[in-house]
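The following exchange concerns how structural labels are justified from coordinates. Each answer sets a value against its criterion and then concludes.

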Amino acid sequence: MVSISFLTLKEDDAVELAAFLNEHRLLMFDTIEDHVDLLWDQNTPERRNLTHLSGFTKSLLYSTVERKAIDLLGDRLVRMWANPVTSFDPKSTQELMGWLAKA
C-alpha cells in the first residue's frame, strides 16, 4: 500500500481528480487541504496557494493512478508523490483491499 499525494492549482482540480479516481476505484480515504508552496525569486520567497489531495492505493496501482492523474489534469497537476505504508490498522487494510480495483 502507498499513501499518494497530489498538488493541484485549484481545489476544483483536486475534487475532479478525486472523483475520477474514486469512480475507477483507484483511491480511498481521500482528504483535501490547503497547501502553500514557497517559490524563490532570487532571495525573496513568494507564496503559491495550492490544494493537496491525498489518499491510499495499492502499490501495484501507482503507475495507473499516476498516468490517469496526468491525463486528466495535465499542467493543472503541479506535483505528485507517494510514500510506502508499512503499517495500517486491520479494519482499514481490509476495507482498502476489498474495495480498491484489482491490480
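Q: How do you know that the length of H2 agrees with the span expected of a helix?
A: In this predicted model, H2 has 12 residues, and at 1.5 Å a residue these should span 16 Å. The expected span is 1.5 Å times one less than the number of residues. The end C-alpha atoms of H2 are 16 Å apart, so the two values agree.

Q: What makes the buried residues of H2 line one face of the helix?
A: The buried residues of H2 are Val65, Ala69 and Leu73. Seen down the helix axis, they fall within an arc of 35°, and therefore they line one face. These residues pack against S1, H1, S3 and S4. After H2 comes glycine 74, with a positive phi near 55°.

Q: Which residues of the largest nonpolar core touch the most other members?
A: The core has 20 residues, and those that touch the most other members are Phe6, Leu17, Leu21, Leu53, Val65 and Met80. Two or more residues come from each of strand S1 (2–8), helix H1 (11–23), strand S3 (44–57), helix H2 (62–73) and strand S4 (77–84). H1 gives the most, with 4 residues.

Q: Which residues does leucine 17 touch, leaving out those up to four places away in sequence?
A: Leucine 17 touches Phe6, Leu53, Ala69, Leu72 and Leu73.

Q: How many aromatic pairs does a search of the whole structure find?
A: The search finds 3 aromatic pairs.

Q: Why is the pair of phenylalanine 29 and phenylalanine 56 called edge-to-face?
A: The ring centres of phenylalanine 29 and phenylalanine 56 are 6.4 Å apart, and their planes stand at 75°. Pairing requires centres within 6.5 Å, and planes over 60 degrees apart count as edge-to-face. The pair is therefore edge-to-face. It links distant parts of the chain, as phenylalanine 29 is in strand S2 (residues 28–41) and phenylalanine 56 is in strand S3, 27 residues apart.

Q: What makes phenylalanine 29 partly exposed, and why does phenylalanine 56 count as buried?
A: Buried means under 20% relative accessible area, and partly exposed lies between that limit and 50%. Phenylalanine 29 has 30%, so it is partly exposed. Phenylalanine 56 has 18% relative accessibility and therefore counts as buried.

Q: Why is the pair of phenylalanine 56 and phenylalanine 88 called tilted?
A: The ring centres of phenylalanine 56 and phenylalanine 88 are 4.8 Å apart, with their planes at 45°. Planes under 30 degrees apart would count as stacked and those over 60 as edge-to-face. An angle of 45° meets neither criterion, so the pair is tilted. This pair also links distant parts of the chain, 32 residues apart: phenylalanine 56 is in strand S3, and phenylalanine 88 is in the loop between S4 and helix H3 (90–99).

Q: How do you know that phenylalanine 88 counts as partly exposed?
A: Its relative accessibility is 23%, and buried would require a value under 20%. Phenylalanine 88 therefore counts as partly exposed. Ring pairs link Phe29, Phe56 and Phe88 into a cluster.

Q: Where does arginine 25 lie with respect to tryptophan 99?
A: Arginine 25 lies over the face of tryptophan 99, at 5.4 Å from the ring centre.

Q: In what order do the elements of the chain run from the N terminus on?
A: The order is β-α-β-β-α-β-α, and the secondary structure comes to 3 helices and 4 strands. Of the 103 residues of the chain, 33% count as buried.

Notes:
Residues numbered from 1 in each chain as written. Predicted model: local features only at pLDDT ≥ 70, side-chain atom pairs only at ≥ 80, totals over all residues. Heavy atoms only, no water. Core = buried A, V, L, I, M, F, W, Y, C linked by side-chain atoms within 4.5 Å. Buried < 20%, exposed > 50% of the residue type's maximum accessible area, 1.4 Å probe, protein only. Contact = heavy atoms within 4.5 Å. Phe/Tyr/Trp six-rings, centres within 6.5 Å; stacked < 30°, edge-to-face > 60°. Lys NZ or Arg CZ within 6 Å of the ring centre and 35° of its normal. Arc of directions from axis to C-beta.
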